[in-house]
Amino acid sequence: QGGDSAGEFGVGLTVVNALSDQFVLTSFREEEGYKHTIEFRDGEKIKDEKKPLKKGDKQHGSSISFIPSKKYLGNNTVLPYKEMVEWIEKMTYFIRKKKIKIKVEIYKGLKLKESYTFKPKAFEELLDRITPTKSYSPKCSFSGDNTIKEKVRKSVIDEKTGKVLTKEVTIKKNIHLDVAMRYVPDTVTFYDTYCNYTNTIDGGIHQTAVEKCFCNYMQNKTKATMTENQKEKTPILWDDIRSGLCCVINLSTNAQVGFVGNAKTRVGNEALIPYLSEIVNAELDKYFTNNSSCLNEYIKIIKLNAKARIEAAKVKTAVQKERMNSFKEH
């Protein structure tokens, strides 16, 4: 799916290997025509072999298997498979190749205990999952692609000397962005963001780019429907646009995303912001051009939010004045 991966440094595989009695990684290289298997016991490599694929063999991808270490994790170690199944089911919203099918089988000994089969779902359906209430606005959803050029260091063999040389090359990296949003009355602004199959609970540059572009777009579109007098009496702020907005965002890319922290709760590579903004600006305009009724509904909600904010400010000011007067009288 474009080489996007939640991993950046291989730390996850290293840790699993270190905490396993047995760890086996098999990579099927269909184009090269072989499969590569590496096996470890107690963290020590005991096998590293390449075998040609059989004629007509269509296996591809990678397979990883491991047995948790009794020494480090105890005799009764069990994997939290229910959490794993929930995670896999959620990841089906991010798979763009619709022919993929994921099957999970849980065995107790040799007996099949539980079985699950998952197929890819439309990303926008994730919004329905987190906003189950029936009272909400129309849904705005779109996706788009862009590319970024990154400089990377690459090892090559000098034909004359046979020495390994390192040189800097520029390569294109893919960026794919999915966005779905709607307004839900009487709720706080809510973002559920992801990057390369990781739930970035602290947001990051993908959330920043979407929010900034959406607020700018809706501020301009809302003002365009108002007279100068209305603009002066009811100014449209970004808070009016954000109020009650629920949004899900997914960034899939093989570019450097700059995950922040070991838990990868935030995306920090600001170099991606202009490229993400290009996607959002283009796709927002395309979506609302084809869905004018949704745009009009959003403008109506934003105006109501602005009026409610102004009325609340008036009430707050009146209460403060009353308190000051009562205090002076006392």
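## Worked exercises on a predicted model

The second largest pocket holds about 740 Å³ of space. The model is predicted. Work through each task with the structure open.

### Exercise 1: the second largest pocket

Task: Find which residues line the second largest pocket, which strand gives the largest share of the lining, and how the lining divides into nonpolar, polar and charged residues.

Solution:
1. Select the lining. It is made by Leu13, Leu25, Ser62, Ser63, Ile64, Ser65, Phe66, Leu79 and Met84.
2. Look for a shared element. Strand E4, residues 61–68, gives the largest share, with 5 residues.
3. Sort by type. The lining has 6 nonpolar residues, 3 polar ones and no charged ones.

### Exercise 2: the whole chain

Task: Compare the radius of gyration of the chain with that of a compact globule of 330 residues, then describe the extent, contacts and surface of the chain.

Solution:
1. Start with the elements. The chain has 9 helices and 13 strands.
2. Take the radius of gyration. The chain has 26 Å, while a compact globule of 330 residues would have a value near 20 Å.
3. Check the extent. The C-alpha trace spans about 85 × 55 × 40 Å along its principal axes.
4. Turn to burial. Of the 330 residues, 34% are buried.
5. Look at contacts between residues at least 6 apart in sequence. Of these, 68% join residues at least 24 apart.
6. Finish with the surface. The accessible area is about 21200 Å², and carbon and sulfur atoms account for 52% of it.

### Exercise 3: two loop residues with positive phi

Task: Asparagine 196 and lysine 264 both have a positive phi. Where does each lie, and is each buried, partly exposed or exposed?

Solution:
1. Recall the background. Most residues other than glycine have a negative phi.
2. Read the angles. Phi is near 50° at asparagine 196 and near 55° at lysine 264.
3. Place asparagine 196. This residue sits in the loop between strand E9 (190–195) and strand E10 (198–199).
4. Place lysine 264. This residue sits in the loop between strand E12 (259–260) and strand E13 (266–267).
5. Apply the cut-off: buried means under 20% relative accessible area. Asparagine 196 has 2%, so it is buried. Lysine 264 has 22%, so it is partly exposed.

### Exercise 4: threonine 200

Task: Is threonine 200 buried or exposed, and which residues does threonine 200 contact beyond its neighbours within four places in sequence?

Solution:
1. Locate the residue. Threonine 200 is in the loop between E10 and H5.
2. Test burial. The relative accessibility is 1%, so threonine 200 counts as buried.
3. List the contacts, leaving out neighbours within four places in sequence. They are Thr193, Tyr194, Cys195, His206, Phe259, Lys264, Thr265, Arg266 and Val267.
4. Link back to Exercise 3. Lys264 is among these contacts, and lysine 264 has the positive phi near 55°.
5. Add a distance. The C-alpha atoms of threonine 200 and asparagine 250 are 9.4 Å apart, with their positions 50 residues apart along the chain.

### Exercise 5: two residues of helix H5

Task: Why do threonine 208 and lysine 212 count as partly exposed?

Solution:
1. Place both. Threonine 208 is in helix H5, residues 205–223. Lysine 212 is in helix H5 too.
2. Use the cut-offs: partly exposed falls between 20% and 50%.
3. Compare. Threonine 208 is partly exposed because its relative accessible area is 40%. Lysine 212 is partly exposed because its value is 48%.
4. Add distances, C-alpha to C-alpha. Threonine 208 is 11 Å from threonine 193, 15 residues away in sequence. Lysine 212 is 9.9 Å from asparagine 281, 69 residues away along the chain.

Technical notes. Residues are numbered from 1 along each chain as its sequence is written. This is a predicted model: local features need pLDDT of at least 70, side-chain atom pairs count only at pLDDT 80 or more; totals for chains, interfaces and linings use all residues. Side-chain values use heavy atoms; hydrogens and water are left out. On a 1 Å grid over the protein atoms alone, a cavity is a set of points where a 1.4 Å probe fits but cannot get out, and a pocket is an open set with protein on both sides within 12 Å along at least five of seven lines; lining residues have an atom within 4 Å of a point. Grid points are joined across faces, edges and corners, and a volume is the space filled by probe spheres set on the points. Helices (H or I, at least four residues) and strands (E, at least two) are DSSP runs, numbered from the N terminus. Ala, Val, Leu, Ile, Met, Phe, Trp, Tyr, Cys and Pro count as nonpolar, Asp, Glu, Lys and Arg as charged, and the others, Gly among them, as polar. The radius of gyration is taken over C-alpha atoms; the globule rule is 2.2 Å times the number of residues to the power 0.38. Buried means under 20% relative accessible area, exposed over 50%, partly exposed in between (1.4 Å probe, protein chains only). Contact means heavy atoms within 4.5 Å. Accessible areas come from the Shrake-Rupley method with a 1.4 Å probe; for residues, only the protein chains shown count as cover.
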